[in-house]
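This report describes a protein together with DNA. Please examine the sequence and the structure shown here before reading on.

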Protein chains: 2
Amino acid sequence: MEQMSRNIGYQLKKIRGQRSLSLDDVAKATNVSKAQLAQIEKGESNPTVSTIWKIASGMRISFSSLLQPPCGQFQKFDEKTSTVVSEEDGKYRVYSIIPYDPERGWEFYKIEMDPGVIHRSEAHSEGVEETLTVISGQVFVEAGGMNEHLSQGETLVFSGSQEHHYENPTNETTILHLILQYR
Amino acid sequence: MEQMSRNIGYQLKKIRGQRSLSLDDVAKATNVSKAQLAQIEKGESNPTVSTIWKIASGMRISFSSLLQPPCGQFQKFDEKTSTVVSEEDGKYRVYSIIPYDPERGWEFYKIEMDPGVIHRSEAHSEGVEETLTVISGQVFVEAGGMNEHLSQGETLVFSGSQEHHYENPTNETTILHLILQYR
DNA sequence: GAAAATTGTTTATTATAGTATACATCTGTC
DNA sequence: GACAGATGTATACTATAATAAACAATTTTC
């Protein structure tokens, strides 16, 4: 069962409860069948966009409110279970810690750069901002004609919508955390 | 063909064009089949929420960006084509000018109150704000223990999440515009 | 207490979402 | 000019979304 189907089901059931409505009440307000609403609430259906649109319209709620995970819940991510998504000759390893989520709008990576490695990156599309933090070691960053040297504990924010590259100028592995935010 | 399917198709085609990607490129980035992407772009498919989620994730865009109508287009609404949605004994007529849209979050009504009519409204759920404008005539508004008298050209904003009522104290029909915004 | 109504669940059915594959056309390479 | 590759479209097929209706349990009404 997809997490998103569960989220939609949870949010729909929650708002129905808050308003003390029956499945029949919601069916009338939204023009979606009672059986389908029941399945959606149980997270047992992958509804079409127009069905969710009908529900949001009939209930007078925003579309995205139905896509939110349950409020106040923890979401724990463990770098040990993260996946390698890129590995240039094994010397520049990128791990996805928090994957991109269309509602959140950013993604979170851990990067390991072996000594002397230079990573070149092409410009992303418009509106991408990178936030780079050195966890250990050092990194040299060049983007858009600007240069910066970062040590442990330092963070750099810059536009990823231009060519940029990272370099590990030390003789030990550099560990980085990278947030890519898309606007 | 639903307007929303057209919007999704338009936005997807636009962003694919901006990034100079083929259908095959997008299929690989999103794990949605080329045939389905083609149908979605043509607005010939009513995709499921998880398909759109895959597209938004793979393309690194927000979910709602795919739901937007084409940018910069006019959307004209004519009160002549609006529908009567409520008519208490024919003396209090409510016309939907702009229906609720889950992305916009509000709806727009025209109200006609005959002389002497009192309209009572129960409290809406939490987070509903009413914006009432007198187009012609006058109206007396009571909500949450507060009272206000409005003449032509005056506008009142108040919380619709409490019992409220309108009264036409004159001997002519009052015309009102009402925006209901849901947060 | 009986009957009606309400509520959520289940089932049979239809419509369509979504895919793999084939196809037609166009573009690039030699 | 021939061929390979890329591109978007069309098709056959499977999986499932969505509905109408039936059902079982509970609640409400008299």
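## The surface near DNA strand C

Of the 17 residues around DNA strand C, those that come nearest are A:Leu23, B:Ser33, B:Gln36, B:Thr48 and B:Thr51; a residue is near a strand if one of its heavy atoms lies within 4 Å of it. This is a predicted model, in which local features need pLDDT of at least 70, side-chain atom pairs count only at pLDDT 80 or more, and totals for chains, interfaces and linings use all residues. Residues are numbered from 1 along each chain as its sequence is written, chains are lettered from A and ligands numbered from 1 in the order in which they are written, and side-chain values use heavy atoms, with hydrogens and water left out.

The surface near DNA strand C comprises five nonpolar, eight polar and four charged residues. In this grouping, Ala, Val, Leu, Ile, Met, Phe, Trp, Tyr, Cys and Pro count as nonpolar, Asp, Glu, Lys and Arg as charged, and the others, Gly among them, as polar.

## Approaches to phosphate oxygens

Sugar or phosphate accounts for 73% of the atoms of DNA strand C within 4 Å of the protein, and bases for the rest. An N or O atom in the side chain of B:Thr51 is 2.7 Å from a phosphate oxygen of this strand. For A:Leu23, a polar backbone atom is 2.8 Å from a phosphate oxygen of DNA strand C.

## Relation of the two chains

A rotation of 180° with 0.0 Å of shift along its axis superposes chain A on chain B, with an RMSD of 0.1 Å (by least squares on the C-alpha atoms of residues with pLDDT of at least 70 in both). The two copies are therefore related as by a two-fold rotation axis.

Notes: A polar contact is a pair of N or O atoms within 3.5 Å; within protein, one must be able to donate a hydrogen and the other to accept it, and residues adjacent in sequence count only if both atoms are side-chain atoms.
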